[in-house]
Amino acid sequence: MRLNLTSMRRATLLLPFAFCIALRADAAAPTRPPGLVREFAGISEYRLANGLQLLLLPDETMSTASVDIVYRVGSRHESAGEYGMAHLLEHLLFKGTPTHPKIYEILGRRGVRANARAGADVTRYMARFNADPATMDTVLEIEADRMVNSLVARSDLDSEMTVVRNEYESGENDFMAVLRKRVLGVAYDWHNYGHATIGLRSDIENVPIERLKAFYGRYYRPDNAMLIVGGRFDPQAVLARVTSLFGPLEVPGDPLPRTYTVEPAQDGERSVVVRRIGGQPTLMAHYHAPATTHPDAAPLLVLELMLSEAPGGPLHRELIVTGLASAAGAIGFRRAERGGLGVVALLPPGGDPVAVEARLLDLLEGRAGPAFDESQLARVLAGANEWSRELMTRPEALIDEIADEGAADWRLPFLLMSEVATVTLDDIERVRRTYLRPANRTLGRYLPTEQVERVDIPDAAPPTVRLAGLKAPPTVAAGERFDPTPALLATRTTTRRLPSGVELITLAKRTRGDKVVLRMDLRWGGREDTFRHRGSDMVGDLLLEGSLTMPRQALQDKLRTLGAHVSLTSGDQGASLAIDVERPHLLEALALAADVMQHPLLPQDAFDRRQAEMIAGLEGSRQELETLRRTAAREHYNHARGVKPGDPDYARSLDEAIAELRATALADVAHFHATYWSANEARASVVGAIPDGLDAAIERLFGRWKKPSAPGFVRHEPKADVIPAARFDVVARDKAGAAMTMRVDFALSERDPDYVPLALATRILGGSPESRLSRRIREQAGLSYDVRAWMSTGDVGDAAALTVSALFAPQNRDLTVSLVREELAAMTRDGIRADELALAKTELLAGRRLALADDMTVADLLLDQADRGETWAQAAQRDATIQAATIEQVNRSWRRRIRLDDFVVTTVGDFKDLR
């Protein structure tokens, strides 16, 4: 079980710049070097004279680097008429500056993955890239420039406003997001935490550019920012560069505005009802709670975990196991100011909302159910301790926590981690009695009360007081400097076949925290045969319910003790095991996995819950856009492929899928496992700090797991189908956003000479923020928040497809489809440009390199390579093929494979002309 602090509560080389960034300060003014404030947990904190906070987290074991800049401004700082301004401004800061007019293009040419997000307390801009001093300089230059010189222009607002509005509309399609907005809106009378970060539609549409500029000037300033640089870089060089770029930035004369609104104590139960088409019946409760800096934050965090823990927590035991709910859990809204604790319960079809509400509130507010015990607390604290250690081995995860949780002080996540370890049962019951009370609750309706009860939320002490005496967490083993190039990966890769026939591929390297990952694939049977067995895809879901000798709770406790993350997935023709753990515990974790794989408990109650959950999910999706779209086109594809019910390629209706699930019994699952599951054909890959005795352990655990009678694996090779062009327009009632999909099927394999050119063409068409579709439909027309294109091909066979999708307002359907068609036609008629090809190459190559920085991805690639009979030499050749691709090759491949008249077009939304 993975825990994190969020869930526990929950290009080509650019020419050197020959210009200076426009600054608010006199460029000739001397810049004082930053002062070292403190060193803590391997992090060095500096403060520039203008107030900029700088955190350096160097890690030579990483082949990547990252730059995050956090502005302490979010929806909490917005005024009436400005709701959504922090988020809207986050979009506009990618529109450029006079010096850097095309930020996405500049970063894309450097292979930088850039993103941003606005929240309630902070707005964060993120950049991740393969470690390179020149790229680091480029990213830092852009961040310093747009801190004070972003255009924030009327023309950009006009186009981006409609994109953000489309994002708002897409959120309105999500029943859970809508419910959360309504609950928080009722829970808060005055504080801005009651307003969603996405904002209000009327404010998004009408905010004056002058107010947006003023907001930008008010909060985007060095004394309101925290710059975080992590990964592989030269700390002294970065320190000097940050000083030269950010040091001259002038602090505005006006002081930073200070928020001072305090939400009054709630004086009785509150409720709200949301009625919409589609979705699942859901209950959501919210209780006000203190800020993250308050001492009660840690016991409240543990309370959330203990409520939600499966299988021992009360929500799981009393709601899910009993069938009252299909899913339930708690999550904290930890905030810089007074936050809250939320609980959600999803009901199965036909569920009784009244009964579930009564039981849920009784459990939360301590009126029913057994008290928490020390064993539950120990399990949760073990998980918290494991995640604390995990953070110290994953710098990017640590940066996420600091950026998201450290609005008041970046050390707060460490404080929370340290205080969680000291929480007692008395602490948990105290905070439950204090905060989880009816008068402090917002639920689904209003109920009168005879006695007013108020819960006063205490103020939190200043961070400096709370952080006094905080000790740094223990250090972890350092890894080696490792650049994951195909050439180096090849020298570290060893393949051997064990006596039992298991193929084992290892890639050894020293990793931070002695981490190691393992992947194992099992295969069996022919598709025509295995497809006819019910419940084949449910086996993997049930294995972690325990073995004949170790039930689920004991298994989970043992995995927590080992700090092991284990997952099992399965399908008709195979299964996959994944383990992520520290080296000393790999063999023990592997033994646990082998036990549940070979001797599963397969309990009836767990099967019933999983079956009910899957049915509830399908039922709840009936009115969702994607379900309606697939339903409209289903028969067209079935007819074109010449398939009927019972054929593996037949696309089932929602009712057929539900009927199949209802007809499935636990005996079907057990029979499939007994018949097919074995290590007859097994292959494993291990990457990282490899322990001694690995070969012997795999032989001992899997070598004798054979089933001679089990049908051998027969590879299925999908063949391309000719799908006639068609168009389907579908009505989805009561949906603010609409969607479109255009797809063309054709024959292509990854070994085909056309594959790389077509991959580049697809990237140019709609694979990045600088793509043609994004520029035309998002940037220029402002119609869609999300428009993209992708090409799908299988590992084997020649079935391929090009798909274009877009989200938009219903009234913009015909215009959106028309613009996509224009861009597709232009690709065929005019071809691509040299600058587009160069950018696409850089982005694809950078993405491939970034993927190799993740050990689990490398383990997956090792298995894929072995399956295809390839080596790292072929991966290097693929990189070379990408780099060598020409305009003529790309244009020729596109024109040979893609024809505009062959697309199947499906649109779905609340279209007035079809109602």
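How many bridges join β4 to β7, and in which sense do the two strands run? In this predicted model, 7 bridges join the pair, and the strands run antiparallel. Within this pairing, Tyr 71 of β4 has Ala 225 of β7 as its bridge partner. On β4 there is also a pairing with strand β6 (residues 123-130), again antiparallel, over 8 bridges. Here Ala 65 stands opposite Phe 129 of β6.

The surroundings of β4 fit well with these pairings. Of its 8 residues, 8 are buried, so the strand is largely enclosed by the rest of the structure. In a regular strand the side chains alternate between the two faces of the sheet. Both faces of β4 are covered: one side carries Thr 64, Ser 66, Asp 68 and Val 70, the other Ala 65, Val 67, Ile 69 and Tyr 71, and all of these are buried.

Part of the packing around β4 involves helix α9, whose buried residues pack against β4 (64-71) as well as β2 (43-47), β3 (53-58), α4 (133-149) and β7 (225-231). The buried residues of α9 are Val 238, Leu 239, Val 242, Thr 243, Leu 245 and Phe 246. An α-helix has 3.6 residues a turn, so residues three or four places apart point the same way. At the N-terminal end of α9, Asp 234 acts as a cap, with a side-chain oxygen 3.1 Å from the backbone nitrogen of Gln 236. The length of α9 can be checked too: because each residue should add 1.5 Å, its 12 residues (235-246) should span 16 Å, and the end C-alpha atoms are indeed 16 Å apart.

Helix α30 (residues 813-830) passes the same kind of check, as its 18 residues should span 26 Å at 1.5 Å a residue and its end C-alpha atoms lie 26 Å apart. Its buried residues include Arg 813 and Glu 823, along with Val 817, Leu 819, Val 820, Leu 824 and Met 827. After α30 comes Gly 831, with a positive phi near 75°.

Turning to the whole chain, there are 34 helices and 23 strands. The radius of gyration is 28 Å, close to the 29 Å given by the globule rule for 915 residues, so the chain is as compact as a globular protein of that length. Its C-alpha trace spans about 80 × 70 × 65 Å along the principal axes. Of the 915 residues, 56% count as buried. The accessible surface comes to about 36800 Å², and 52% of that belongs to carbon and sulfur atoms.

How values were computed:
Residues numbered from 1 in each chain as written. Heavy atoms only, no water. Helix = DSSP H or I, 4+ residues; strand = E, 2+ residues; numbered from the N terminus. Expected span 1.5 Å × (residues − 1). Buried < 20%, exposed > 50% of the residue type's maximum accessible area, 1.4 Å probe, protein only. Contact = heavy atoms within 4.5 Å. Polar contact = N/O pair within 3.5 Å; in protein donor to acceptor, adjacent residues only side chain to side chain. Rg over C-alpha atoms; globule rule 2.2 N^0.38 Å. Areas by Shrake-Rupley, 256 points an atom, 1.4 Å probe, with all protein chains shown as cover. Pairing = 2+ DSSP bridges.
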